[in-house]
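Work through the exercises below with the sequence and the structure in view. Try each task before reading its solution.

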Amino acid sequence: MTLKDHGLVIPDDPVICYIEGDGVGREITEVTLPVLDRAVEQAYGGTRRIVWLKLYAGKEAMNVYGEYLPADTLEAVAYYRVALKGPLETPMGSGIRSLNVTIRQTLNLYACVRPVTYISGVPSPVKHPEMVNMVVFRENTEDLYAGIEWKQGSREALKVIDFLNTEMGTRISLDSGVGVKPISVKRTKALVRAALDYALANGRKSVTLVTKGNIMKFTEGAFRAWGYEVAQQEYGDKIVTEKDVLDKFGGQAPEDKSTVKDRLADNMLQQILLYPEQYDVIATPNLNGDYISDALAAQVGGLGMAPGANLGDHIGVFEATHGTAPDIAGQGIVDPTALILSGELMLEYMGWQEAARMVHKAVQATIASRQVTKDLALQMDDAKELSTAEFGQAVLKNI
Ligand code: NAD
């Protein structure tokens, strides 16, 4: 893939990287790659194909390279620009905070994008899961997730507390651990821009900025202010604010515009349960986004069904929301749907919409025929329980 006129040029036979990952990673990858290959073959009659390039990270990389995250792997993803990734365990005591966070920060994948839609037939704890149709844009590199923190009692923690108490007038107890929450103009605006671009390109009705701006004014509150600034300064002719809708348009947003609004994060966790139909695209800092995406995933069937994309400027790493699921690894029962749907997002990102739609329809048809893996079968009365590999075969047959 190459860059031309600020856009990615995708050849008919692009090299796409994949990382199997730890735990259930290999099981879900083995099922997902053939599904994506079959969809591409069917959609384009053999004129397009993916050339898969295996990369190493996690325990497999430790065996081959002697390190968990080799520079080769990061360089290859940066060069080839698109990768499908299995979950990675954060090795305890390795000195590495999190391989996933390192990948996102090193490659500047500032937007974590998680579409949440309901697939008919999936068991759900809410009455109307079909009303959930949201895309969460979660800032991916800063906030409390930037990993700037010092252990209680350490020299560093004491030094920071001493500086804050003596120079900045705070009264932090000396026995505290300390974390720092940076939120920058640049990354906030990049994230909100990505959310607005997506909303406008896909005819989405609203973008909601979700923050705790009432309490954390200069981080979360600033995120909200910068979000409105981007929307009004750069997209002024394509959006209206919720305030304008009320003050100037009698409560009814113009058909051709997307509404920008904001909600406090705690309220938002109520809103997505009570009024999911009122929300569409969500733009939010890292920590809020983590809570909201898992809560939304639960509404439509749980972590096994939740796909995700980590996007930067012309670079994307696509992965399931769930982790390595060590409790079920190696048993052939893991649900590969989240990685398959992440592959669908990857095909969409490449502009291969026809293949993407085929993947989605095949997953829908398989679940509609009540052939599911254990996680869903346990919650459904008349389902046929399939192994991970059998579920993959069933999806393949439906393409
Ligand atoms: P997890 O998501 O791995 O598992 C939580 C629970 O959900 C487990 O009971 C698991 O069996 C179940 N589950 C998850 N995915 C499933 C699927 N596809 N099908 C059926 N059941 C599924 O979360 P965890 O146990 O908190 O984390 C385990 C490891 O994964 C940790 O080392 C964590 O750091 C890592 N992790 C990695 C990523 C990533 O790579 N992006 C994300 C989250 C967690």
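**Exercise 1.** How do the side chains of Asp247 and Lys243 meet?

Solution. The model is a predicted one.
Step 1: The side chains of Lys243 and Asp247 form a salt bridge, with 2.8 Å from N to O.
Step 2: Check the sequence positions. The two residues are 4 residues apart in helix α8 (residues 242-248), so about one helical turn separates Asp247 and Lys243.
Step 3: Check the surroundings. Asp247 and Lys243 are both exposed.

**Exercise 2.** Describe the salt bridge between Asp244 and Lys248, and classify both residues as buried, partly exposed or exposed.

Solution.
Step 1: In the salt bridge of Asp244 with Lys248, the closest N and O atoms are 3.5 Å apart. A salt bridge requires a distance within 4 Å, and the pair meets this cut-off.
Step 2: Both residues belong to helix α8 and are 4 residues apart, about one turn of the helix.
Step 3: Asp244 has a relative accessible area of 21% and is therefore partly exposed. Lys248, at 61% relative accessibility, is exposed.

**Exercise 3.** Which parts of the chain does the salt bridge between Arg370 and Asp382 tie together?

Solution.
Step 1: The side chains of Arg370 and Asp382 meet at 2.7 Å, N to O.
Step 2: Arg370 is in the loop between α12 (353-368) and β16 (371-372), while Asp382 is in the loop between α13 (374-377) and β17 (384-385), so the bridge links parts that are 12 residues apart in sequence.
Step 3: Arg370 counts as partly exposed, at 26% relative accessibility.
Step 4: Elsewhere, Glu20, Arg26, Lys54 and Glu60 are joined into one network by salt bridges that share partners. The structure holds 21 salt bridges.

**Exercise 4.** Arg114 has no salt bridge. Find its side-chain polar contacts.

Solution.
Step 1: Arg114 is located in strand β6 (residues 111-117) and is buried.
Step 2: The nearest side chain of opposite charge is that of Asp290, 4.3 Å away. The cut-off for a salt bridge is 4 Å.
Step 3: The side chain of Arg114 makes a polar contact of 3.1 Å with that of Ser293 and another of 3.4 Å with that of Thr321.

**Exercise 5.** Which residues are closest to the ligand?

Solution.
Step 1: Of the 21 residues that surround the ligand, the closest are Leu88, Gly323, Ala325, Asp327 and Asp335.
Step 2: A backbone N or O atom of Gly323 is 2.7 Å from a ligand oxygen atom, and a polar side-chain atom of Asp327 is 2.8 Å from an oxygen atom of the ligand.
Step 3: The protein covers 66% of the 820 Å² of accessible area that the ligand has on its own.

Conventions:
Residues numbered from 1 in each chain as written. Predicted model: local features only at pLDDT ≥ 70, side-chain atom pairs only at ≥ 80, totals over all residues. Heavy atoms only, no water. Buried < 20%, exposed > 50% of the residue type's maximum accessible area, 1.4 Å probe, protein only. Lys, Arg positive; Asp, Glu negative; His and termini not counted. Polar contact = N/O pair within 3.5 Å; in protein donor to acceptor, adjacent residues only side chain to side chain. Near = heavy atom within 4 Å. Areas by Shrake-Rupley, 256 points an atom, 1.4 Å probe, with all protein chains shown as cover.
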